[in-house]
Amino acid sequence: MTTETVKKQRWKLNLRDRFQDLPKPARIAAMVVFVVLLYLLPTKAFYENLGFPIPVGSGYLPFYTTGSDMAGVLFQCGYYILLALGLNVVLGYAGLLDLGFFGFFAVGAYTVALLTSPESKLITEYNWLESPWPWLVTVPIAIALAMLSGVLLGWPTLRLRGDYLAIVTLGFAEIIRIVAKNQDWILNGDRGIPSVGHPPGTWPDGEAIFDLEFTPYYWLVLTVIIAVIFLIRNLANSRVGRAWVAIREDEDAAELMGVPTFKFKLWAFAIGAAIGGLSGSLWAGQANFVNSNTFSLENSILVLAAVLLGGAGSIGGAILGGFIVIYLPEWLRSVGDVFGWPTQVEIAGIHIDVSPTSLRFVIFGALLIVVMIYRPQGLWPNRRRAAELKDRQKEVAPVE
Amino acid sequence: MLLEIDDITLHYGRIQALHGISLHVNEGEIVALIGANGAGKSTIMRAISGLRAVSRGAIRFNGEDISKVRADLRVARGICQAPEGRGVFPGMTVQENLEMGAYIRRDHAAIAQDMERVFGLFPRLLERRKQAGGTLSGGEQQMLAVGRALMARPKLLLLDEPSMGLAPMIIQQIFTIITEINQQGTTVLLVEQNAQQALSRAHRAYVLETGNIVKEGTGADLLHDPAVKAAYLGVA
């Protein structure tokens, strides 16, 4: 090991340990300040006071997505972070490659839409419901149904390992999307379900809190994220969490130690699915309109990219990854506007779209390749997973 | 009789790996299974610990047929295996690996005691307590795998090739400790390619060839058996 890498490691250690070494009140105070900052993120004034130089007359603010509504971008980041946290349980903790994670998001979103929309066929055609239910009541139902679909999918497939599981889950998400697209008698096919209910609450002046303005939705999703983080942290440190680590590291050995591997894999699937469903119900509460176009395969891949980019097995990594995959292209778009980057180029009479938003998969592809080469454990890795990765690399190419 | 295997067969897909194996292990014994590569030694181990289902036959542990019992429940009944190729959890520290061994137990005081015992048997593990399992040397990983299996307080300890890939010195050490564990009251069933070591340590042994048991006897008998000598000990 060169002295340089030692120094680097020591520096990294210091950063983490220094925070850990702070007295507990100081740590809590720092966390509170950080969380308050997070709640302030959508406010434009926050960026105006950052003190970064602003190009004159551009209306540009550093870090602010001037090309799109900052609160909207942050809300989207929020539900992707939730998805990444859910997939992190499945992939990061239990080590199960789920390529169709967005399917659970779809289940959550459709459940909310069907139960809260006055134009839902459950009401207009079948009279199953007399009137639309409030959004808040439908969220637990959405979570439960997503969880159930996770169990139903996992029951036959979790006996498979590795590649097989990936293919089956991929199929699952596609089935959900195609059914939603073509099925007419309840999901209303491509026409979708309009007038989906919003979360409850009114300002003192009688205006609804959750309407067209994105900021309250962002605050809501941020609050949910914080709650989910606490839940997942506790799970990861429990017997269940230890069983997941064992399964991920060596499934046979885990079984030989008396871990009921199938049961715990199913739990990971169900909990991940529940978080995915929760994310879907939050999104539906804002979106107003739900149809199958939202649930394309690329979203599943984007969530997967978020988890791997951030660092599988790490909560911080999932958050960072979920944030980056949504925020970065939106931010690039506004940067492009300010500095006059073209959104289209013409080569030999063909117009090629080069806006960051449409190129985001190219950008992520490149970014993922770079990260996976230079930092395969992810940007904010879990210490243990980093050690596992080293172990696996050793197997592939012995260094001794 | 602690373990009795009665005429089991086992298939990998369409390939039959075991052709009606019968063997038994008495309480307090060290029993060795020797044989060449592909003879089915590890397959027998996998059948006993429940990683693979048998196609036919019975596996009786303490008189109860466990051939349909789930692997994790067999651990609870007192069978614990240190898997082939060591199978330590690479990202967990030595201590966490040992704690995983005691996963089925909840008697925390006794677990702490057993951990002391394992550290007593393998002082090297104590030195490396906070180190990740994947960073240990081969011999240390083998010690960890054996120690981890002991943490389940098994009645029957299954060891799959504890000498694989280790230096002769370390092999000697490991086998000394296996004898010691046995003297402390744990029954041991052991699969080995290192027939010399296995036979000299075992009370009884079976010789396995292409899924059939072809010979059985006391360790000393087999050690002096001319056919065994020629095939497994490299002596003409």
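Biologist: Which way does helix 4 of chain A cross helix 14 of chain A, left-handed or right-handed?
Modeller: Helix 4 of chain A passes helix 14 of chain A in a right-handed crossing (the near helix is turned clockwise from the far one by less than a right angle; helices are DSSP H or I runs of at least four residues and strands E runs of at least two, numbered from the N terminus). This is a predicted model, with local features needing pLDDT of at least 70 and side-chain atom pairs 80 or more, while totals for chains, interfaces and linings use all residues. Residues are numbered from 1 along each chain as written, and chains are lettered from A and ligands numbered from 1 in written order.

Biologist: At what angle do their axes cross?
Modeller: The axes of helix 4 (residues 70–93) and helix 14 (residues 315–338) of chain A come within 8 Å and cross at roughly 140° (lines fitted to C-alpha atoms over the stretch in contact, with angles from 0 to 180 degrees between N-to-C directions).

Biologist: And which residues meet there?
Modeller: Those in helix 4 of chain A include A:Val73, A:Tyr80 and A:Asn88, and those in helix 14 of chain A include A:Ile315, A:Phe323 and A:Glu330 (contact means C-beta atoms, placed from the backbone, within 7 Å).

Biologist: Switching to the chains, how many residues does each give to the contact?
Modeller: Chain B gives 21 residues and chain A gives 19. On the chain B side, helix 2 (71–77), strand 6 (79–82) and helix 3 (94–101) each supply at least two residues, and helix 2 gives the most, with 4.

Biologist: What about chain B overall, how many helices and strands?
Modeller: Chain B has 10 helices and 10 strands, and its C-alpha atoms fill a box of roughly 45 × 40 × 30 Å along the principal axes.

Notes:
Two residues are in contact if their C-beta atoms, placed from the backbone, lie within 7 Å.
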